[in-house]
Amino acid sequence: MADIVFAFDPAIDRPLAIPDKAHPAVAEIVGRAAANAFAEAVAVAHRGQASLLVICGRWLDPHRASPAQAAAVRTAVTDLATAGCRTVYVTADADTCRDVSRMLGEPAGLCFVTPQAALDLELHGIAIELVAAGPLAALPGPMADADGSLARRRIVIGQDPSTVFSATDAPWHGERDPAADFVAAAAGSPAWTQPGSFWIWASRQAAALPPGIHHLPALQPRSPHERSLGACCTLTLIDRSHAPHEATWHPDWRSSWRDIPTQQVGWRTVRIESPTGAAEELATVLWAALEQVAPGEQSPLELVECIVECGTSVPRRVEVGELADETLARLRNLFDPKGFRAWCTELMADPTESLAPLGHARSGGRPGATTSFTSALADIVQVIEQTPASPLSPAAARAAGWVALELIESA
């Protein structure tokens, strides 16, 4: 049982990119991942007999959503309302409220929260205030004294304005970290220490948050770089361990915060060592590695990147590139939407493998020999890796070094 379900960044009108040459079942799962993740959050609200489904982040863009997508969302909202569950959309401005309400036909049970307008309501005898964190000065002050007839809960929701996740640890744009700003604002708010306050930070970035601020991940990751699994979160305010007529306020309601998986598609990297071997042998070794942790029927589809460690052998790296298409074809033939839900998207020689063994210090490169260029390039990459202010990251330097060596080997 859950009284409130929280869902971040459904972005239903922005489907995930379908991999090239994808099996029809893979294309179907990936293409519907965003919509199905939202549908799973709605199902969690139904199963838990929740009173509120709170949505923040991107939901349905009136300027790009299809009529079918709008109709599906409207049906979800009205079905929840029939079951006694209101849908609350936490957004940045009033214009979005009007546009979304108009697009959905103003369905019963749909409410909005903006930084300028909080939402007050009552759930099972508990006064709830939902607040959207906006500018630092707009964070809420202390709650007004209650008359004692109702318990009071204030839920403050902040959300990362960045919706594009990068490979770095800082997905936001600009100089400021919005998670750090939210934490600082929360710590400085007079409402921070009040017993009835509950703070939520919604983000695709798994930021380090202090105790008292709860992370709300996205329903469905959009990148293999996202470290949080897709989930909605639930909060229980009422203790239903007794008979229904004896239900009371949950004495430890803060500890009721739970992550419920909604992820439909995930990513995994499989690494193997393969100094020799043709496509069939390479596929066999990769299949053995995949089979060890193969997702089953009820698990999210996994898009797998296959990395081959070649022991700094440039000829083997070139050979792996030549074998990639045939090896992937063999692995993809093993895909089964019910029994083996892993789809190999890419196969490559390890671009992060160190070039240090090829440098002059270890290789003994001789002037005038072909290895002289190889050793010099390896030395340059090592210098870049050891230079903190270098404009090229160590990973990018290694990848570029290997590409150069492979081109020479292939010439």
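The side chain of D350 makes a polar contact of 2.7 Å with the side chain of T352, and that's a handy place to start in this predicted model. D350 sits in the loop between β16 and α8 (360-363). Is D350 buried or exposed? With a relative accessibility of 5%, D350 falls under the 20% cut-off, so it counts as buried. Leave aside the neighbours within four places in sequence, and the residues in contact with D350 are R271, I307, V308, E309, R317 and W402.

Now for the chain as a whole. There are 411 residues, and buried ones make up 46% of them. The secondary structure comes to 10 helices and 16 strands. If you take contacts with a separation of 6 or more, 69% of them are between residues 24 or more positions apart.

On to the pockets. Here are the two biggest ones, side by side.

| Pocket | Volume | Lining residues | Nearest its centre | Lining by class |
|---|---|---|---|---|
| Largest | About 710 Å³ | 36 residues | G57, T91, A92, Q159 and P161 | 20 nonpolar, eight polar, eight charged |
| Second largest | About 350 Å³ | 14 residues | P19, P224, W267, L303 and T345 | seven nonpolar, three polar, four charged |

Which elements build the lining of the largest pocket? At least two residues each come from β3 (86-90), α4 (94-103), β7 (151-159) and α5 (178-188). Of these, α5 gives the most, with four residues.

For the second largest pocket, β14 (265-273), β15 (301-309) and β16 (342-349) each put in at least two lining residues. The largest share there, three residues, belongs to β14. There's a link back to D350 here: R271, one of its contacts, falls within the span of β14 (265-273). Likewise I307, V308 and E309 are contacts of D350, and they fall within β15 (301-309).

Helix α4 deserves a second look, as it holds R102 and also supplies at least two residues to the lining of the largest pocket. R102 has a relative accessible area of 58%, over the 50% cut-off, so it's exposed. Its side chain is joined to that of D99 by a polar contact of 3.4 Å. R102 and P62 are 40 residues apart in sequence, while their C-alpha atoms are 8.9 Å apart in space.

Last up, the nonpolar cores. In soluble globular proteins, nonpolar side chains tend to be buried together. The largest nonpolar core in this model has 31 residues, and the ones that touch the most other members are F6, V54, L130, I155 and L216. Strand β6 (residues 126-132) provides the largest share of this core, four residues. What does L130 touch, not counting residues up to four places away in sequence? The list runs L52, V54, V88, V113, A118, L119 and I155. Two names on that list, V54 and I155, also turned up among the residues that touch the most other core members.

There's also a second, separate core of 30 residues, with L53, A65, A70 and L104 among them.

Definitions and conventions. Residues numbered from 1 in each chain as written. Predicted model: local features only at pLDDT ≥ 70, side-chain atom pairs only at ≥ 80, totals over all residues. Heavy atoms only, no water. 1 Å grid on protein atoms, 1.4 Å probe; cavity = no way out; pocket = protein on both sides within 12 Å on 5 of 7 lines; lining within 4 Å. Points joined across faces, edges and corners; volume = space filled by probe spheres on them. Nonpolar A, V, L, I, M, F, W, Y, C, P; charged D, E, K, R; others polar. Buried < 20%, exposed > 50% of the residue type's maximum accessible area, 1.4 Å probe, protein only. Polar contact = N/O pair within 3.5 Å; in protein donor to acceptor, adjacent residues only side chain to side chain. Contact = heavy atoms within 4.5 Å. Core = buried A, V, L, I, M, F, W, Y, C linked by side-chain atoms within 4.5 Å.
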